[in-house]
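Hi everyone, thanks for coming. I'd like to walk you through one structure today, so have a look at the screen while I talk.

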Amino acid sequence: MKLSEELLLAKKLLENNKLVAIPTETVYGLAANALSTEAVAKIFQAKNRPTFDPLIVHVASIEQVNRYVEDFPAPAQALAEVFWAGPLTMILSKKSIIPDLVTAGLDTVAIRIPRHPLTQKLLQSLDFPLAAPSANPFGYVSPTTAQHVKQQLGGKIDYVLDGGACEVGIESTIVGFPEGKPFVYRLGGISLEAIERVIGKVNIQSHSSSNPQAPGMLSSHYAPSKPLYVIKNQQEAKKWLHKYPVSQIGTLMFKEYLPEIPVQNQIILSTKGDFGEAAQHLFAGIRSLDRPNIEIILAELLPEKNLGRAINDRIRRAAVVHQSFD
Ligand code: TXA
Ligand code: MG
């Protein structure tokens with residue numbers, strides 16, 4: 001296999017325990033050799049990520065998965081057949097070759113086979129898997145372009161492999177199998193409905209801000225620096241119009257503009273109401289509204305089905321730090 005110059009450079013850096021941001025179909029990842037504690041430690045440092053939050057290990061193929069997991073239960077195999085390579089991560093019991101730092105000391109490892117062609121090639125060319133969280137500072141919105149990564153982590157990482165804008169736009173769906181039963185730990189690029197079509201009814205583990213035992217389920221996450229308020233419908237937006245000048249209000253809407261707000265302050269996720277397109281535009285939309293002249297962001301929830309569930313999850317978590325639910 002002949003590698004482009006960019007891929008050769010990425011490969012060489014990773015082989016030298018450096019950090020490389022990689023494109024995946026979901027979001028950009030901040031990658032390092034998953035078998036090297038020294039390399040993985042740099043990920044936590046660059047992201048300012050607490051070490052109790054474990055990382056996803058990316059591999060090229062199912063054959064490679066078997067090198068790193070002890071057990072591949074039947075429902076996991078069924079999901080792998082349908083959704084790998086793709087935006088699905090599975091939590092499986094780990095082999096000891098995976099360092100404890102990657103899994104935060106858990107005896108399970110999160111595994112994913114990404115389908116972005118550049119990263120597929122890169123993984124096939126390496127003789128180790130890649131640990132990669134989303135390539136954003138801990139707690140901020142995930143990056144869906146190489147520019148997003150450079151803006152925030154540029155000075156802290158060795159290289160960004162540019163694979164264009166991410167096709168899916170939200171992170172992978174995470175499924176675990178505690179005591180053999182499937183659980184969705186994080187909604188993402190594969191809908192709950194699609195998963196249930198393959199393995200039947202699945203429970204969802206709710207978010208927690210206080211239980212780091214449920215890793216990555218911290219409820220305040222994906223937050224822009226300006227307060228983001230969830231609105232259930234256009235009507236609900238009205239009450240904000242008296243509190244701020246309309247020029248200082250930004251909106252993230254599903255299909256239609258709010259007539260009262262200047263259009264340049266508004267992001268429409270999908271004029272045709274397509275969930276996939278909405279997911280693609282979500283994080284770039286939040287980022288673009290996170291700018292100096294805008295004081296608050298109003299974000300409309302989508303219908304709670306298919307990818308709408310995962311999109312609503314991200315919107316709620318982008319909002320939660322600025323609201324008091326207690
Ligand atoms: O789409 C994605 O999943 C992207 C791309 C880069 O692959 N990655 C990503 O990684 O979103 P990150 O680190 O931002 O989110 C991974 C989540 C974290 O919430 C972490 O707590 C959870 O996966 N996780 C990792 N290992 C786990 C484990 N053994 N048990 C439970 N959750 C785990
Ligand atoms: Mg993340």
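Before we start, one term: when I say two residues are in contact, I mean that they have heavy atoms within 4.5 Å of each other. Please also keep in mind that this is a predicted model.

Let's try that term out on Arg67, which sits in helix 3, residues 62-68. Which residues does Arg67 touch, leaving aside its neighbours within four places in sequence? The answer is Lys95 and Ile97. Arg67 and Lys95 are 28 residues apart in sequence, yet their C-alpha atoms are 7.7 Å apart in space. As for solvent, Arg67 has 47% relative accessibility, so it counts as partly exposed.

Now to the sheets. One of them is an open sheet of 10 strands, with mixed pairing, and if you trace across it the order is 7-1-2-6-3-5-4-8-9-10. Strand 7, residues 159-160, and strand 10, residues 203-204, are at the edges; each has a single partner strand, so one side of each has no neighbour in the sheet.

Let's zoom in on one pair within that order. Strand 4, residues 88-93, and strand 5, residues 108-112, are antiparallel and share five bridges. If you want a landmark there, Leu92 stands opposite Val109 of strand 5.

Val109 also turns up in the surroundings of Thr103. Thr103 belongs to helix 5, residues 100-103. Is Thr103 buried or exposed? It counts as buried, because its relative accessibility is 1%, and the cut-off for buried is under 20%. Setting aside residues up to four places away in sequence, Thr103 touches Pro54, Lys94, Ile98, Thr108 and Val109.

Let's move on to another sheet. Here four strands form an open sheet in the order 11-14-12-13, and the pairing is parallel. Its edge strands are strand 11, residues 228-231, and strand 13, residues 266-268, each pairing on one side only. From one strand to the next, the twist averages 15°.

Inside this sheet, strand 12, residues 249-253, runs parallel to strand 13, and three bridges join the two. Met253 is the residue that stands opposite Ile268 in strand 13.

Two helices lie across these strands. Helix 10, residues 275-289, lies across strand 12, strand 13 and strand 14, and it runs at about 175° to strand 12. Helix 11, residues 307-319, lies across strand 11, strand 12 and strand 14, at about 135° to strand 11.

I'll finish with some backbone details. As a reminder, most residues other than glycine have a negative phi, and most peptide bonds are trans.

Where is there a cis peptide bond? Look at the step from Trp84 to Ala85, where omega is near -5°. Ala85 is in the loop between helix 4, residues 74-83, and strand 4.

For positive phi, have a look at Glu179, with a value near 50°. Glu179 is in the loop that links strand 8, residues 173-176, with strand 9, residues 183-186. With 84% relative accessibility, Glu179 counts as exposed.

Asn306 also has a positive phi, about 45°, although it is not a glycine. You'll find Asn306 in the loop between strand 14 and helix 11. Its relative accessibility is 31%, so Asn306 counts as partly exposed.

That's my tour. Thanks for listening, and I'm happy to go back to any part of it.

Terms used:
Residues are numbered from 1 along each chain as its sequence is written. Chains are lettered from A and ligands numbered from 1 in the order in which they are written. This is a predicted model: local features need pLDDT of at least 70, side-chain atom pairs count only at pLDDT 80 or more; totals for chains, interfaces and linings use all residues. Side-chain values use heavy atoms; hydrogens and water are left out. Two strands pair if DSSP finds at least two bridges between them. Buried means under 20% relative accessible area, exposed over 50%, partly exposed in between (1.4 Å probe, protein chains only). Axes are lines fitted to C-alpha atoms, for helices over the stretch in contact, and angles run from 0 to 180 degrees between N-to-C directions.
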